[in-house]
Amino acid sequence: MTFDTAENKPAANAEVLSPVPNPPPPIPPAEHSMAGPEPREAGRWKRTLRLLFKYGIYGAFVLLVAGMSVASPHFLTPVNIVNILLQTSVNGIIAVGMTLVIITAGIDLSVGSIVALSAVVAASFAHPGGYPLIVAILMGIGVGLAVGLVNGLLIAKKGLAPFIVTLAMMTAARGLALVYTSGRPVINLTGSYDFIGGGSMLGIPLPVVLFALTIAAGAFLLHFTRFGRYVFAVGGNEMAARVSGINTHRILIAVYAITGALSGLAGIILSSRVMSASPAGGAGYELDAIAAVVIGGTSLFGGIGSIAGTVVGVLIIGVMNNGLDMLNVSSYWQLVAKGAIILLAVLLDRKSAA
Amino acid sequence: MMKSFLGRSLAWGLVSTAVLLLGVAGCQRNAASPHQIVIGVSYQNLQNEYIINLQHAIRAEAKKLHVKLVELDARGHSSSQISDVEDFAAEGVNAIILNAVDEQGSAPAVDIAIKDHIPIVEVNTLVANLNKVDAYVGSPDIKAGRMEAKEIMKVLHGRGNIVILQGPYGSSAEVQRTQGIKQELATFPQAHIIAEHTANWERSQGLSVMENFLAAGRPINAVIAENDEMALGACEAIAAAHKQKQIAVMGIDAIPDALKAVENGTMVATIYQDAHGQGSQAVKLAVQLAQGHKVKHLLYIPFQLVTKKNVARFMKPH
């Protein structure tokens, strides 16, 4: 483990300095010389293998989609593709935020509880004859943003471990959602609230549009702005980043606030899709988001990662859920399969980064 | 220096708040007169709407009979339920009402009460050592499962492809309801269970599971969901696929949204489980046991089928 971190750090700095930030995963140039002494045949074999590892996750995704298409004729149909994108939009939006957090070598366990809290607050402003739709949306995102800000402030200013702060927040925010609703789901929502989860734009369902916008904004922010370079720098080596004049506190607060706000948006979409908001909803979403980010090649040690990888991670989980359901695989085995994919992804990631 | 001072005062603040809360709780407890009966209630999970309704019924009956309640929430973990019952025994309550989390896992809680000679009433769910409890009040979930399957078979004239949406695997209600549904369907040779999948009691999961089943292209005639939330999720998916006419959906619990769905025809039926009857009877039995009376061991509160015909009776006036 420690060995891995030591290896990752220089790569992280390279990412910061490079003028055109590249999608993942960075491979140290030293690697080819290591393959040198091998016999020629073995060398070629190894190179092919390495290529596969380099595009490991993307390759695995293509293989998975191909496999599912062969197994079920209904898999690669427009209806089902929209289906998968709809189902992944909630996890995907959270995972984009989680990518930023994990690149700073942090973690956010509170996202699932924020989803529930934002959903119940937003829904409570969406009863018929109440407020305009925009109020419900702003309340939901605002609550998420506020919780994320508290996370960020405690982590940056107090120097507390992100795991502990967000674990505490996961419990407290869940409690607040239960207190706010007395434990009952918020129902009887106005018809217009359905637009967020059920509406569409140019034929594309609105949650998918929001997911796409989040990806675009996240990728731009992370890979094409100074803020993004600083996020990598904080994760690569926080001390070095601070010494070189980066306001690391501001970066940390911002990434947790962004993740909170995105979780709030996810909560609104979720409650709008089912036209009710349960204070017990969103349980376990933090793990789905973390899984997607890790499958996508972002290092839990910070400094390495990309939005593109996360999107593929989200899609892999979504395709697995959808495809295995369609093939009527028992849900017991589905859990085993999901676990295996996560492990495989991390193994691929280690190979390609080593 | 400043930082540690801040940290320390924060810690002291937290500790003193906790002590204060304990003090308040203690005073409330001591306020019970020496002759007042104290009943400990251990709920399986107060994040479940049905259990919240059960709690309301128990509280209302306790108020009526002037008994004092000490209530604890096991939050879905049988291990915390066992320690909750240990706490009741240590406090010396006069009777315990147990709403078991898990058939096997909560059984030791019953043994603790028996060892300390505290009468124990099981309500709503089952425990493995049900023969040892002093009384049981509930509605057998196997029966609910059978009722569901029977009603669906009536609608489908005894044939068709059926999807079952199950509760969290291993929970008492999921095990019993699945068993009941399958027992009943087994008597219809032309009914086929083409898929069964958990949606963990959640509407959003019912939605996505059903979306996937619909996308798979096999014809589906009915969805039997083990609670209303999952049934309502399935309805959303079915509506999005414009198949409301072809697929009959049914649930259990008779929550307000489901009653509305039965009324407007989105769902064919739901099943009403009488939280009020269960809760009030449990308190009555616990009081009688605490006073040393003998009571009937098993008290079944019947489930009631809710269809379009009788749905108005179950809808509360707004």
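**Figure 1. Strand S8 (residues 222-225) of chain B is covered on both faces.** In this predicted model, B:Ala222 and B:Ile224 are buried on one side of the strand. B:Val223 and B:Ala225 are buried on the other. Side chains in a regular strand alternate between the two faces of the sheet.

**Figure 2. S8(B) pairs with strand S6 (residues 160-166) of chain B.** The two strands run parallel and share 4 bridges. Within this pairing, B:Ala225 of S8(B) is the bridge partner of B:Leu165.

**Figure 3. S8(B) also joins strand S9 (residues 248-250) of chain B.** Here 3 bridges link the strands, again in the parallel sense. B:Val223 has B:Val249 of S9(B) as its bridge partner. Between S8(B) and S9(B) the chain passes through helix H8 (residues 228-240) of chain B. This β-α-β crossover is right-handed.

**Figure 4. Contacts around B:Val249.** Neighbours within four places in sequence are left out. B:Val249 touches B:Val223 and B:Ala225 of S8(B). Its other contacts are B:Ala231, B:Ala234, B:Cys235, B:Ile238, B:Met267 and B:Val268.

**Figure 5. The largest nonpolar core contains 150 residues.** Those with the most contacts inside this core are B:Val223, B:Ala231, B:Ala234 and B:Val249. Chain A takes part too: its helix H13 (residues 248-274) gives the most to the core, with 16 residues. In soluble globular proteins, nonpolar side chains tend to be buried together.

**Figure 6. A second core of 42 residues is separate from the largest one.** Its members include B:Ala57, B:Ile96, B:Val121 and B:Tyr136.

Conventions. Residues are numbered from 1 along each chain as its sequence is written. Chains are lettered from A and ligands numbered from 1 in the order in which they are written. This is a predicted model: local features need pLDDT of at least 70, side-chain atom pairs count only at pLDDT 80 or more; totals for chains, interfaces and linings use all residues. A nonpolar core is a set of buried Ala, Val, Leu, Ile, Met, Phe, Trp, Tyr and Cys residues joined through C-beta atoms within 7 Å. A residue is buried if 20 or more other C-beta atoms lie within 10 Å of its own, exposed if 12 or fewer, and partly exposed in between; C-beta atoms are placed from the backbone. Two residues are in contact if their C-beta atoms, placed from the backbone, lie within 7 Å. Two strands pair if DSSP finds at least two bridges between them. A crossover is right-handed if, with the strands pointing away from the viewer, the path from the first strand over the helix to the second runs clockwise.
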